[in-house]
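Here is a set of short exercises to work through with the structure beside you. Try each task by yourself, then read the solution step by step.

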Amino acid sequence: MKRIFYFLARAICVIALCIPTIGNAQSEIFTTSGTFTVPEGVTSITVEAWGGGGCGSTISDNLAGGGGGGGAYARKVVAVTPLATYTVTVGQGSISGSESGGDSWFIDTATIVAKGGASASDNSATAAVGGQASLSIGDVTFDGGNGADGTGSIAGGGGSSAGSTATGNAATGATGGLAPSEGGIGGDGRIDTSGPGINGGFPGGGGGGAYRVDGGIAVGGTGGNGLVRLTWIGAEINVFGNDTAINNGDTTTSVDNWTEFEATSINLQSSRTFQIESSGTASLSLTISTITISGDNASDFTLTSSPTPSINPGASSFFTVSFSPSEVGLRTAVISIPNNDDDENPFTFAISGMGMAEDGDGDGFSADIDCDDTNPDVWQNLEFYVDADGDGYGTGELTLACAGDPGTAPVGFSLTADDCDDTAATTNPGAVEIDFNGMDDNCDGTIDEGSQLLSQVLPSQCGQTFQSINALVGAVSFGGGVDGYRFRCTNNTTMTTEDIDSNVPHFNMTSLASYDYSTTYTISVMLRRNGIWLNYFGPSCEVSTPAILGPGGSASIVPAQCGSTVTSLSTLVATNSLLGVTGYRFQITNMTDPSAPNQVQTYENNHHWFSISNLDTFTYGTTYAVEVAVKTNGDFTNFGSTCTISTPNVPGIVNPGIATSTGTFFYTQSKGHVTSYRFELTNTTDMTVNVIDRPVHYFSFTQVPGFMPGTQYSVRVALMTTGIWSPYGPTQLVTAPGAAKVIVKDTEPTVGPFEVVGYPNPFNDRFSLELDAAENTNIQIKAYDMMGRLLEDRDISSEALETQSFGAEYPSGVYNVIVSEGDNVKTLRMVKR
């Protein structure tokens, strides 16, 4: 999935598509299917979709094929929920005359959809139509362009996709339809000589038709892939002073926009009010406590009134800064406003003011040394503790305050620092403790001393290991106004802590934001009484989630497969499917050859299985130790108990005996995934060894240099898969041709092994085939339902078979799959759930 964001006064090009933006518009572009999470504060987005283009006609007869249709366009304003995640489906361009270009849609096909263009049928001069606006869904829809018919030696071009403002253009003759604004061009058709059509352009252009006159297959141009573009307007902050705009990051000050304050006598005060405007479409959120004033003289400037925490689009809020110079001369600072405007966070600007000296209160101390020149009773800065709630008890560190007598604290300060909550005047060391209000009223370090209500996890569960990950954890329940339970859960492995609040005396382990199997948690309980949390926990106890990692635990290969030899490299090796598990990690260790590359490999899957052929390195005749780790909504666990799995044995020579001539073939079994066969021949008379590497599964003595006629040789076979050799298989004896040593031309074996396996069976979505055949030949696969109807007919090479899958379009049922290679025929019965 291609994801791109962009903001104010910018333009972005994706592939060949350029998109201008206005204001603080943001977009995300999807060229493949995925999901989209709505940004915070955004309640509507504009969705634009282009369907995939249709494929041009593929020709195996002498004919000029028709062009494919271009994808349709749809646009709609869609209401969304902030922070919600929605599905985005991007239609892919068609690669076959039997299927149209894919539809593109957002959320679901009932919300908005852009239809894909139709594909021209194989061996047909008739063009396909573009995706239809009438079948698309949106506030605005446009048809994709139609392809052109093939005529004579001129194959038809593909239609263009629709643009964002206009219908797609039809192809003219062999020339693909020209792309309208933001559309994809149609691919050109082939002219005069055999060859393929040109692929449709992105997004959604139809493919050009192919033309054939001299044998072979001419392939139609594929359709261009579709596109989904999501656009929304985020938060935008503007700041004004004196109705004049202030630029973000401005380091200069001016009287015009009030960033330069009026000259002010020391410890007198002047102020300026600034306006914050929200001009975006999302709510502009400001956290007032984080608005800061910094710089050389920051203490001379104070935020005296604050804006609202959230400003609706089109609305404004105001804040005021006061200037009280502490020294004569120029005083400067910087205001910083954190916000959720993506490209102006924080919004900063410089402020300044000129400090003037005077003795305003006549106490004999001039303004440049008097800490308060308006009050003759105070003149010096002394250290006190801040008393923010005015109850006579302070807190924090000593700080300077303007005073006259060091033994008399000014208003807002105290001589002591023993207040445990300096925001509440009723909480201090001299107060009386009030039960069940959730506060330490008298600051003695204990809440509700002598009358605490203490709950805990049910004693019957303490120390227990649950049998299920979604086990219900209970607490000792209370009446008498208790209406809530807070469970504090600490993961004893990671030491992370999470609180779960519940109106009932229990919760599920799966309610945690992060939970793991085979993990012990320490849990304690707090009560809420009459809507007030008591703010102390009862005794803690430990509980454990299911112990799946130990011997016999669920995080291991199923017992039926442990210690077994799989029938095929593609056989699925499975662990148990566990509730809540979102990922399985398999660690596979080669136990047979300690020197093999990739000695330890890991493979991760969303499903509870893998096959040996999924690994980067694998071979026959090898035993692997397999361990399993799982994850739920956090990280993977440790690995569970070990189980061994062996790959199919390395075969020996299947026709040992006496060679009647040098052209006599000795062969082993042809095995899937094998790229080379190694034959080790040991002369049983003088013990000399010859090693022959062959791309096929047989050899003759014509490949053995200097063999001794009539001599018996012991032969072993090794197989190469993924670039490495397997161990040798069993030893068989063969005898070289007699003394006459007649040279006979090699004659290839006419019949070899032919084995086919379908997996998985039964299957849920699709299945694959693994073939052991004598050589790389063409394979025919036909699938019939139980009524005898032909559902699928493919001709492919045996070498390409392992990359193919089957059954995706079958309904649930039982099917006969017939695989043929010349005279070899194998029938499989496959079941789709």
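**Exercise 1. An enclosed space**

Task: Find how much space lies in the largest cavity of this predicted model, and describe its lining by class.

Solution.
Step 1. The largest cavity holds about 30 Å³ of space. The structure has one cavity of 30 Å³ or more.
Step 2. Now look at the walls: the lining is made up of Asn590, Ala596, Pro597, Asn598, Gln601, Thr617, Phe618, Tyr624 and Ile724.
Step 3. Sorted by class, this lining has five nonpolar residues, four polar ones and no charged ones.

**Exercise 2. An open space**

Task: Give the volume of the largest pocket and say which residues are closest to its centre.

Solution.
Step 1. The volume of the largest pocket is about 760 Å³.
Step 2. It is lined by 27 residues, and the closest to its centre are Leu572, Trp609, Tyr759, Pro760 and Arg766.
Step 3. Next, turn to the strands. At least two lining residues come from each of β35 (572–574), β37 (600–605) and β38 (609–611). The largest share, three residues, is supplied by β38.
Step 4. By class, the lining of the largest pocket has 11 nonpolar, 12 polar and four charged residues.

**Exercise 3. The nonpolar cores**

Task: Which residues of the largest nonpolar core touch the most other members?

Solution.
Step 1. Start with a general idea: in soluble globular proteins, nonpolar side chains tend to be buried together.
Step 2. In this model the largest nonpolar core has 68 residues, and those that touch the most other members are Phe487, Phe507, Ile523, Leu681, Phe699 and Phe701.
Step 3. Take Ile523 as an example. Not counting residues up to four places away in sequence, Ile523 touches Val457, Val473, Phe487, Arg488, Cys489, Phe507, Pro539, Ser540, Cys541 and Val543.
Step 4. There is also a second, separate core of 20 residues, with Val78, Val80, Val90 and Leu230 among them.

**Exercise 4. Buried or exposed?**

Task: Decide whether Thr427 is buried or exposed, then do the same for Ala388.

Solution.
Step 1. Locate Thr427 in the loop between β27 and β28.
Step 2. Thr427 has a relative accessible area of 2%. Buried means under 20%, so Thr427 is buried.
Step 3. List the partners of Thr427. Leaving aside neighbours within four places in sequence, they are Asp389, Asp391, Asp419, Cys420, Asp421, Met439, Asp440, Asp441 and Cys443.
Step 4. Ala388 sits in the loop between β25 (380–386) and β26 (395–403). Its relative accessible area is 60%. Exposed means over 50%, so Ala388 is exposed.
Step 5. With neighbours within four places in sequence left aside, Ala388 is in contact with Gly412 and Asp422.

**Exercise 5. Far in sequence**

Task: How many residues apart in sequence are Gly216 and Ile59, and what is their C-alpha to C-alpha distance?

Solution.
Step 1. Find Gly216 in the loop between β12 and β13 (227–233).
Step 2. Gly216 and Ile59 are 157 residues apart in sequence, and their C-alpha atoms are 8.7 Å apart in space.
Step 3. Check the contacts: leaving aside neighbours within four places in sequence, Gly216 is in contact with Ile59 and Ser60.
Step 4. Gly216 is partly exposed, with a relative accessible area of 47%.

**Exercise 6. Backbone details**

Task: Which residues does a cis peptide bond join, with omega about 0°?

Solution.
Step 1. Recall that most residues other than glycine have a negative phi, and most peptide bonds are trans.
Step 2. One cis bond joins Phe202 and Pro203. Pro203 is in the loop between β11 (140–142) and β12 (211–212).
Step 3. Another cis bond joins Asn345 and Pro346. Pro346 lies in the loop between β23 (329–337) and β24 (347–356).
Step 4. Now for phi. Leu83 is not a glycine, yet its phi is positive, about 70°. Leu83 is in the loop between β7 (73–79) and β8 (85–89), and is exposed, with a relative accessible area of 55%.
Step 5. Cys443, also not a glycine, has a positive phi of about 60°. Cys443 is placed in the loop between β27 (413–414) and β28 (472–474).

How values were computed: Residues numbered from 1 in each chain as written. Predicted model: local features only at pLDDT ≥ 70, side-chain atom pairs only at ≥ 80, totals over all residues. Heavy atoms only, no water. Core = buried A, V, L, I, M, F, W, Y, C linked by side-chain atoms within 4.5 Å. Buried < 20%, exposed > 50% of the residue type's maximum accessible area, 1.4 Å probe, protein only. Contact = heavy atoms within 4.5 Å. 1 Å grid on protein atoms, 1.4 Å probe; cavity = no way out; pocket = protein on both sides within 12 Å on 5 of 7 lines; lining within 4 Å. Points joined across faces, edges and corners; volume = space filled by probe spheres on them. Helix = DSSP H or I, 4+ residues; strand = E, 2+ residues; numbered from the N terminus. Nonpolar A, V, L, I, M, F, W, Y, C, P; charged D, E, K, R; others polar.
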